[in-house]
Amino acid sequence: FQGEDRPFGFLSKFIADTANDLSSGKLYVFRLDSAIGLATTGKWIQIPNTTQAERNNTVTYATDSMATAFHRIEDVDISPVNGKIYVTSTTDGRIYRFDDNQDGTVSNFEIYVDNSTYNIDTESGIQSGVTCCVGADNLLFDNEGNLYITQDAQQYQVWMVDKDHTPANPNIRVFAQTPSGSEPTGMTFSPDNRFAFLSIQHPASAAVQSDVFGNASANNQAFTIVIARKEFLGDSLNPE
């Protein structure tokens with residue numbers, strides 16, 4: 001699955017002729033049966049993909065096929081729990097999801113996370129009216145099916161959408177706030193889910209904070225941080 005990071009980008013699916021060999025296969029574009037926000041079903045439309053000339057004109061073929069246009073698809077991911085496909089629309093600040101039925105059709109298409117405000121539980125109490133997810137960028141699932149969203153568009157937060165979240169009964173929280181001007185980009189977990197690795201780019205200042213060893217660290221260039229619960233990172237590295 002792949003999306004286009006452009007104002008009217010299409011979602012596509014490539015099925016290789018031979019497993020693990022991407023040199024040849026069938027290319028499809030995604031088309032809902034009606035408008036976004038109304039449709040719950042859709043289909044995959046095959047477009048030409050044999051010659052170099054055809055591969056150079058996929059946008060034209062997708063347009064002619066009336067494929068559904070999204071506003072900047074920056075990531076596509078698959079839930080390890082329910083197998084649904086999740087798609088970001090960065091400009092709209094939305095996460096869509098649907099079921100790929102493996103027969104050329106899709107079902108249960110919905111706006112899973114909308115560009116809305118939420119009440120966020122903080123150390124100092126409930127903060128109301130916090131907006132998610134303007135600039136929704138990269139997606140990541142942990143092993144339990146919780147969804148993490150890194151945020152662009154000058155918002156620069158990491159959100160966690162609980163596996164029990166539904167549009168009707170939201171369960172969403174702020175997982176991390178980056179240093180000033182720092183955009184969170186790639187994020188991944190270790191296979192055992194004990195450690196998260198988060199890439200940070202273009203911090204705006206040389207803000208200084210302490211790391212797990214108590215050493216001062218200046219956030220003045222791109223860097224990667226490791227996040228873990230205290231029992232996995234912290235005291236275990238500094239035994240008494």
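V134 counts as partly exposed in this predicted model, because its relative accessibility is 27%, between the 20% and 50% limits. You'll find V134 in the loop that runs between β10 (125-132) and β11 (136-141). Take D114 as a reference point: 20 residues separate it from V134 in sequence, while the C-alpha atoms of the two are 9.1 Å apart in space.

**Next door: C133**

C133 sits in that loop between β10 and β11 too. What does C133 form with C132? A disulfide, with the sulfur atoms 1.5 Å apart. The structure holds 1 disulfide, so there is no other to look for. The peptide bond that joins C132 and C133 is cis, with omega at about 10°. Both cysteines are buried.

**Two nonpolar cores**

C133 also turns up in the largest nonpolar core, which has 17 residues. Along with C133, the residues with the most contacts inside this core are I95, V113, L147, I149, W159 and I172. In soluble globular proteins, nonpolar side chains tend to be buried together.

Which elements give two or more residues to the core? They are β8, β9 (116-122), β10, β11, β12 (147-151) and β13 (157-161). β11 provides the largest share, 3 residues. I172 is a good place to look around: leaving out residues up to four places away in sequence, I172 touches V113, Y118, I120, C132, C133, W159, M160 and V161. So both cysteines of the disulfide are among the contacts of I172.

There's a second core as well, separate from the first and made of 15 residues. Among its members are V76, Y96, F98 and F109.

**Rings meeting rings**

Three of those names come back when you follow the aromatic rings. Y96, F98 and F109 belong to a cluster linked by ring pairs, together with F1, F30, W44 and F70. Overall, the structure holds 14 aromatic pairs. One of them is Y86 with Y112, an edge-to-face pair with 5.3 Å from centre to centre and 80° between the planes. This pair links distant parts of the chain: Y86 is in strand β6 (residues 85-89) and Y112 in strand β8 (residues 105-113), with their positions 26 residues apart.

Are Y86 and Y112 buried or exposed? Y86 is buried because its relative accessible area is 2%, and Y112 is buried because its value is 4%.

**A serine beside Y86**

Y86 also leads to S79, which is in the loop between β5 (76-78) and β6. Setting aside neighbours within four places in sequence, S79 is in contact with K84, Y86 and F141. A polar atom of the S79 side chain lies 3.2 Å from the backbone nitrogen of N82. S79 is buried too, because its relative accessibility is 5%.

**The sheet**

Now for the strands. Eight of them make an open sheet, in the order β1-β2-β3-β4-β8-β7-β6-β5, and the pairing is antiparallel. Which strands are at the edges? β1 (2-3) and β5, each of which pairs on one side only. Inside the sheet, β7 (residues 94-100) and β8 run antiparallel and are joined by 5 bridges. Y96 has I111 in β8 as its bridge partner. Strands of a sheet pair through backbone hydrogen bonds, either parallel or antiparallel.

**Two unusual backbone angles**

The loops have a couple of details worth a look. R72 is not a glycine, yet its phi is positive, at about 65°. Q102 is also a residue other than glycine, with a positive phi near 65°. Here they are side by side:

| Residue | Phi | Loop between | Relative accessible area |
|---|---|---|---|
| R72 | about 65° | α2 (58-64) and β5 | 26%, partly exposed |
| Q102 | near 65° | β7 and β8 | 66%, exposed |

Why is Q102 exposed? Its relative accessible area is 66%, and exposed means over 50%. R72 is partly exposed because its 26% falls between the limits of 20% and 50%.

How values were computed: Residues numbered from 1 in each chain as written. Predicted model: local features only at pLDDT ≥ 70, side-chain atom pairs only at ≥ 80, totals over all residues. Heavy atoms only, no water. Helix = DSSP H or I, 4+ residues; strand = E, 2+ residues; numbered from the N terminus. Buried < 20%, exposed > 50% of the residue type's maximum accessible area, 1.4 Å probe, protein only. Phe/Tyr/Trp six-rings, centres within 6.5 Å; stacked < 30°, edge-to-face > 60°. Core = buried A, V, L, I, M, F, W, Y, C linked by side-chain atoms within 4.5 Å. Contact = heavy atoms within 4.5 Å. Polar contact = N/O pair within 3.5 Å; in protein donor to acceptor, adjacent residues only side chain to side chain. Pairing = 2+ DSSP bridges. Disulfide = S-S within 2.5 Å.
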